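This report is meant for a reader who is meeting the structure for the first time. It begins with one side chain, moves to its aromatic surroundings and then turns to the chain as a whole.

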Amino acid sequence: MRLRHRLLPYLYTPAYEAYKKDLPIVQPLYYHYPSTPDAYEAPNAYFFGSSLLVAPITEKNDGQLRMGAVNVYLPEGRWIDLFTGQVYQGGKKQKLYRTLDSIPVLLPAGGILPLDGGELRNGTENPASLRILIGAGASGSFTLYEDDGSSMSYQDGAFVTTALAAEWLSSEETLTVSIAPAEGELSLIPEKRDMTLVLCGYHSDAKTLAKVTLDGWEEVLSVEKEEKTGFLRLTVHEVPVQSGAAFHVTGLSLSKNDRNAKVFSILDRAWIEITAKEEIYRELSAAANPETFRKRLLGMDIPETLKNAIMEVL
């Protein structure tokens, strides 16, 4: 329920699109990929609005692995799991393993996901704080729609739109995120908003520098790293909605999965002999590259589900 509340700014936009263009909020994969047979073989997976791919796990947990799995088609491109930070390369079917408290919710490269960034509260008033997630690896855009949430005045033009855009220049290791001035009936939204950008699937180093341009002045921001997912976060307070803002982040690269940490987590959870766990991790640590370890893993006498779960993170 907390996540649903945070999603309201995002979900309200496709709800308006559903009214205006008869486009459903939830769409099966084959709506977008009708010529791809694999898209028809993932009946439980769906696009949730324009920025999320969700793959519910409907099978019971594996007894030894203590995780559930779903086999899903991931379209071409880069995909980032919002709950785990795991990065996937699409264009193929992929078996995804998760613990009981999680399901795969994937943001594509260039995807933009605006969330309510404020304190949880009763009511659905337009938020004074936005938390905007950006998928690493491509440019993208999203137009946020808002109205009073209670009347039919939107039919007479009483609504607000805010254009959000992300431009990724890999050759320059630079990401520019633009929040355009809000347009429409501005009395419906706060005059100023706190803006938090969450850069999903990006890696920072000592050279990373973030600047925000706001009302003609420039401020250098600190970039923080979220512990569980590794996502990067930066915040600027009281951005006037009439003028918008531009964030310029340099010294970025695309993040890579921490294979050793993820394999350790899988082994730590699995109910198998400790000697088998030690052998797997020893081979992982000694392997010169993932492909070498993959070949050794396939030859081990361990449950096939455990092999598949480990290969997911390779």
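## Aromatic residues

Tyr-19 is partly exposed, because its relative accessible area of 41% falls between the limits of under 20% for buried and over 50% for exposed. The model is a predicted one, and the values that follow should be read with that in mind.

Tyr-16 and Tyr-19 both belong to helix H2, which covers residues 8-21, and they sit three residues apart, about one turn of the helix. Tyr-16, with a relative accessible area of 14%, is buried. By the ring-centre rule, the count comes to 14 aromatic pairs. Tyr-16 and Tyr-19 form a tilted aromatic pair, with 5.8 Å from centre to centre and 50° between the planes.

Tyr-145 and Phe-159 also form a tilted aromatic pair, in which the centres are 5.3 Å apart and the planes make an angle of 40°. This pair links distant parts of the chain, since Tyr-145 lies in strand E11 (residues 140-146) while Phe-159 lies in the loop between E11 and strand E12 (160-169), 14 residues apart. Tyr-145 counts as buried at 4% relative accessibility, whereas Phe-159 is partly exposed, with a relative accessible area of 22%. These four residues join Tyr-12 and Tyr-154 in one aromatic cluster.

The table lists the accessibility of residues discussed in this report.

| Residue | Relative accessible area | State |
|---|---|---|
| Tyr-16 | 14% | buried |
| Tyr-19 | 41% | partly exposed |
| Tyr-145 | 4% | buried |
| Phe-159 | 22% | partly exposed |
| Trp-79 | 5% | buried |
| Leu-221 | 10% | buried |

## Two buried residues and a helix

Trp-79 is found in strand E5, residues 78-81, and with a relative accessible area of 5% it is buried. Leaving aside residues up to four places away in sequence, Trp-79 touches Phe-47, Leu-53, Leu-74, Gln-86, Val-87, Tyr-88, Gly-90, Leu-106, Leu-107 and Pro-108. Met-67, by comparison, is 12 residues from Trp-79 in sequence, and their C-alpha atoms are 21 Å apart in space.

Leu-221 lies in strand E17, residues 217-221, and is likewise buried, with a relative accessible area of 10%. Beyond residues up to four places away in sequence, Leu-221 touches Ala-210, Val-212, Leu-234, Thr-235 and Phe-247. Phe-247 is 26 residues from Leu-221 along the chain, and the C-alpha atoms of the two are separated by 9.4 Å.

In helix H8, which covers residues 304-312, the buried residues are Leu-306, Lys-307, Ala-309, Ile-310 and Glu-312. What covers the buried residues of H8 includes strands E6 (87-89) and E7 (92-98), together with helices H5 (259-269), H6 (274-286) and H7 (290-298).

## The chain as a whole

The chain has eight helices and 20 strands. Its radius of gyration is 21 Å, close to the 20 Å that the globule rule gives for 314 residues, so the chain is as compact as a globular protein of that length. Along the principal axes, the C-alpha atoms fill a box of roughly 65 × 45 × 40 Å.

Of the 314 residues, 44% count as buried, and the chain exposes about 16,100 Å², of which carbon and sulfur atoms supply 50%. Among the contacts with a separation of 6 or more, residues 24 or more positions apart account for 64%. The chain carries 31 positive and 41 negative charges, and the mean positions of these two groups are 7 Å apart.

Conventions
Residues are numbered from 1 along each chain as its sequence is written. This is a predicted model: local features need pLDDT of at least 70, side-chain atom pairs count only at pLDDT 80 or more; totals for chains, interfaces and linings use all residues. Side-chain values use heavy atoms; hydrogens and water are left out. Helices (H or I, at least four residues) and strands (E, at least two) are DSSP runs, numbered from the N terminus. The radius of gyration is taken over C-alpha atoms; the globule rule is 2.2 Å times the number of residues to the power 0.38. Buried means under 20% relative accessible area, exposed over 50%, partly exposed in between (1.4 Å probe, protein chains only). Contact means heavy atoms within 4.5 Å. Accessible areas come from the Shrake-Rupley method with a 1.4 Å probe; for residues, only the protein chains shown count as cover. Lys and Arg count as positive and Asp and Glu as negative; His and the chain ends are not counted. The place of a charge is taken as NZ of Lys, CZ of Arg, CG of Asp or CD of Glu. Rings of Phe, Tyr and Trp (its six-membered ring) pair if their centres lie within 6.5 Å; planes under 30 degrees apart count as stacked, over 60 as edge-to-face and the rest as tilted.
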